[in-house]
Amino acid sequence: MSQVSALLDGIASGAVRIVDLTQPLSESTPVIQLPAPFANTPGLSREEISRYDDRGPAWAWYTLTIGEHVGTHTDAPIHWVTGQDSLDIAAVPASRLVGPACVIDRTAETEAAGGDYLLTVSDIEAWEAEHGRIPDGAWVLLRTGWQSRAHDQDAFLNVGPDGPRTPGPDVEASRWLSCARDIAGFGTETVGIDAGSAGGMDPPFPLHNLLLGAGRLGLTQLANLHELPETGAMILVCPLKLVGGTGSPSRVLAFVPGE
Ligand code: MN
């Protein structure tokens with residue numbers, strides 16, 4: 001039996017489960033809000049082209065207006081100024097969009113610290129001590145439980161008097177993720193790959209700066225990370241092949257060994 005046949009047999013028998021890591025995309029999907037003077041992205045809106053009517057009697061279809069960085073989406077290296085000479089989203093090799101998922105569970109720490117929780121290098125090293133070295137081509141996924149807020153823009157963005165507070169890596173963890181291993185990308189449940197407080201770090205938005213500058217990918221607004229083991233799952237990231245795109249809303253699936 002081929003390895004592809006074995007995978008398909010596993011899916012058919014339930015030995016391999018498919019977990020959808022994608023948040024629903026709608027007009028109410030939370031969207032990042034940058035402070036003035038920065039320009040903001042639109043969320044999703046739809047305009048009807050026809051709906052089984054005179055404009056098209058047997059079909060319905062819509063025109064979409066949406067920012068590249070809305071909902072569950074992928075950040076291409078060219079999204080950040082440090083990666084501007086690297087890959088657009090269409091140029092990312094398909095082999096980088098499939099890989100082992102390494103899930104770092106910091107749900108309890110995030111519940112304790114709220115949006116102030118920051119992932120550190122020692123957290124990642126502790127994960128490697130338990131689960132082994134993060135393999136080449138891996139997607140490192142930070143699980144925080146933040147998805148429980150994903151239906152509510154205010155709770156999800158968690159903007160207070162000192163700006164947004166959402167969990168993410170600190171500066172040194174950002175550097176580690178960008179340089180210490182050959183990961184394909186880093187994913188999170190929050191609205192962006194950086195922590196909410198990252199605008200005040202040095203460099204500002206260190207994960208965007210360093211990870212995308214290193215030609216790697218970001219992945220945001222993930223769902224259902226609690227259904228993944230810390231190792232052993234495979235992730236499939238499907239952004240649009242948008243030529244020149246700085247990112248794209250994406251469908252993201254995981255293949256997980258069954259019981
Ligand atoms: Mn983005």
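Reader: I'd like to start with R17. What is its relative accessible area?

Author: The value for R17 is 32%, which makes this residue partly exposed. The scale is simple: buried is under 20% relative accessible area, exposed is over 50%, and partly exposed is in between, with a 1.4 Å probe and protein chains only. Please keep in mind that this is a predicted model, where local features need pLDDT of at least 70, side-chain atom pairs count only at pLDDT 80 or more, and totals for chains, interfaces and linings use all residues. Residues are numbered from 1 along each chain as its sequence is written, and side-chain values use heavy atoms, with hydrogens and water left out.

Reader: Which residue does the side chain of R17 meet in a salt bridge?

Author: In general, side chains of opposite charge can pair when their charged atoms come close. The test here is a side-chain nitrogen of Lys or Arg within 4 Å of a carboxyl oxygen of Asp or Glu. R17 meets E227 in this way, at 3.5 Å from N to O. R17 belongs to strand β1 and E227 to the loop between β12 (217-220) and β13 (233-239), so this pair ties together parts that lie 210 residues apart in sequence. Strands (E, at least two residues) and helices (H or I, at least four) are DSSP runs, numbered from the N terminus. E227 is also partly exposed, at 32%.

Reader: How many salt bridges does the whole structure have?

Author: The search finds 12. One of them joins R181 and E128, with 2.9 Å between the closest N and O atoms. R181 sits in the loop between α5 (171-179) and β11, while E128 sits in helix α3 (residues 121-131), so the pair ties together parts 53 residues apart in sequence. Both partners are buried: R181 has 15% relative accessibility, and E128 has 13%. Elsewhere, E48, D53 and R55 are joined into one network by salt bridges that share partners. Within that network, the closest N and O atoms of D53 and R55 are 2.7 Å apart. D53 is partly exposed at 23%, and R55 is partly exposed at 48%.

Reader: On to the metal. Which residues are the protein donors of the manganese ion?

Author: Donors are N, O and S atoms within 2.8 Å of the metal (3.2 Å for Na, K and Ca), and sites may look incomplete, as water is not among the atoms. Here they are H69 through ND1, H73 through NE2 and D75 through OD, at 2.0 to 2.3 Å from the ion. Along the chain, the donors have the spacing H-x3-H-x1-D. H73 is buried at 3%, and D75 is buried at 2%.

Reader: How do I read the strand pairing around β7? Which strands are joined to it?

Author: Two strands pair if DSSP finds at least two bridges between them. Strand β5 (residues 98-105) runs parallel to β7 and is joined to it by five bridges; D105 stands opposite R143 of β7. Strand β11 (residues 185-188) also runs parallel to β7, through four bridges, and G187 of β11 stands opposite L141. As for cover, β7 (residues 139-143) has four of its five residues buried.

Reader: And helix α6, what covers its buried residues?

Author: Seven of the eight residues in α6 (residues 206-213) are buried, namely P206, L207, H208, N209, L210, L211 and L212. Their cover, counted by contact (heavy atoms within 4.5 Å), includes β4 (73-75), β10 (168-169), α5, β11 and β12. Just after α6, G215 takes a positive phi of about 80°.

Reader: I work with cysteines, too. Is C179 buried or exposed?

Author: C179, in helix α5, is exposed, at 57% relative accessibility. Its C-alpha atom is separated from that of T29 by 32 Å, and the two residues are 150 apart along the chain.
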